[in-house]
Amino acid sequence: MEDLTIAGSRDIYFSPSVNLKAATGVCSISGESYLEEPYEFYKKIGMWFTDYIKQGGKSIVLDLKLSYFNTSSSRAILETLRVLKDIHHSGNEVTINWYYPNPDDDEILMEGEDFQEECGIPINMIEYELQDSEN
Amino acid sequence: MEERKNKSLIDLYSTMNDQDIIVYYKGPFDDIILSEIGNKIRRKAFDSPKAGKRLFAVFMELAQNVSLYSFEKNRLESVDRWGVGTLVVYETATSYILMSGNMVKNEVLEQIVKKCEEINGLDHESLRAMKRKYRSSELPADHKGGNIGLIQVALKSDAPLDIEAKRIDDEHSFFTISVSIFK
């Protein structure tokens, strides 16, 4: 089982940085998401999770730290979270951490809450300090 | 004829000069244009990061709607992939105003107007619920986006969606939407 690694980029489209680790099941998706083919992009991630469990992986931790995503991406992200819900419901350990910036920006937090309500799996909401470079 | 054309362009330019315009664009909404204007908006609104982020998010959704759903397609290239429309962003002392406009089929216009009216009747929490409901349901076959762009625009802005439409002929109308974001 190989890692899935995608370097983040901000050109005509914005790709988040993706790090899915086969050795540990500790994974992260961070940055900005506005993609030409959002469904294909996130489908690949969902398939990696499914394969990881099929090949004997027992637990997945996913850190989501997204500062911007358009609505097409958000629909595709929801699909990925639903893949994780299915994995969780078939008896595997799944932890999802949703990072939102402070101060005075509750919009990313609300996005996390909405995802949680829709995908039907608990998501930990974790605040982080926004650095100037991330604005 | 040439003289009249020039005069109307001068009039248009003078009208725009009265306002603090950040962007005025008419043409195909291709991915490169979206990226250029998007970056310009981000830089412009840097002094107020929160408003800037919201302005950028609203711009992206409205611009993608024009790009995907405008009835009028790009005729400059052989591939008619990109929707054609117009977009203006300007600022007042207290707000950023973003307006977009494009051609739509009249039956599509009816659906958009209905959706905007529904959105305008909802408070913030009900809008979130509406977004969740739409996002969780299957996409209509002819949709390439997320089908929740207008709801997201309403969530990220500070006044009701201000929509207008002008009938062009029996089949088509020009549809505009205007959105305010407090600084």
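Let's start with disulfides: the count over all chains comes to zero. Take A:Cys27, which is in no disulfide; its nearest cysteine sulfur belongs to A:Cys119 and is 16 Å away. Since a disulfide needs two cysteine sulfurs within 2.5 Å, that pair does not qualify. As for surroundings, A:Cys27 is buried, with a relative accessible area of 1%. Over in the other chain, B:Cys116 is buried too, at 0%.

A quick word on confidence, as this is a predicted model. Chain B has a mean pLDDT of 87, and 89% of its residues reach 70 or more. Which elements of chain B have the lowest and the highest mean pLDDT? The lowest is helix 1 of chain B, residues 2–17, at 71, while helix 6 of chain B, residues 149–156, has the highest at 96. As a general caution, where pLDDT is low, please don't read the predicted coordinates in detail.

Now, if you turn to chain B, you'll find an open sheet of five strands in the order 1-2-3-5-4, with antiparallel pairing. Strand 1 (20–28) and strand 4 (162–167) of chain B are the edges, each pairing on one side only. From one strand to the next, the twist averages 15°. Strand 4 of chain B joins strand 5 of chain B, residues 172–182, in the antiparallel sense over six bridges. To see the register there, look at B:Glu164, which stands opposite B:Thr176.

Two helices go with this sheet. Helix 4 of chain B, residues 106–120, packs on the sheet and touches strand 3, strand 4 and strand 5 of chain B, with its direction at about 145° to that of strand 3 of chain B. Helix 3 of chain B, residues 49–69, lies across strand 2, strand 3 and strand 5 of chain B, and runs at about 10° to strand 3 of chain B. Helix 3 of chain B is mostly covered, with 15 of its 21 residues buried. Here's a length check you may enjoy: at 1.5 Å a residue, helix 3 of chain B should span 30 Å, and its end C-alpha atoms are 30 Å apart, so the two agree.

Finally, chain A. Here we have an open sheet of six strands, ordered 1-4-5-6-7-8, with mixed pairing. Its edge strands are strand 1 (4–6) and strand 8 (124–129) of chain A, and the twist averages 20° from one strand to the next. Strand 4 and strand 5 of chain A pair in the antiparallel sense over four bridges, where A:Ser17 has A:Ser30 as its bridge partner. Lying across strand 5, strand 6 and strand 7 of chain A is helix 2 of chain A, residues 71–89, at about 170° to strand 6 of chain A.

How values were computed:
Residues numbered from 1 in each chain as written. Chains lettered and ligands numbered in written order. Predicted model: local features only at pLDDT ≥ 70, side-chain atom pairs only at ≥ 80, totals over all residues. Heavy atoms only, no water. Buried < 20%, exposed > 50% of the residue type's maximum accessible area, 1.4 Å probe, protein only. Pairing = 2+ DSSP bridges. Axes fitted to C-alpha atoms, helices over the stretch in contact; angles between N-to-C directions. Contact = heavy atoms within 4.5 Å. pLDDT = per-residue confidence, 0-100. Expected span 1.5 Å × (residues − 1).
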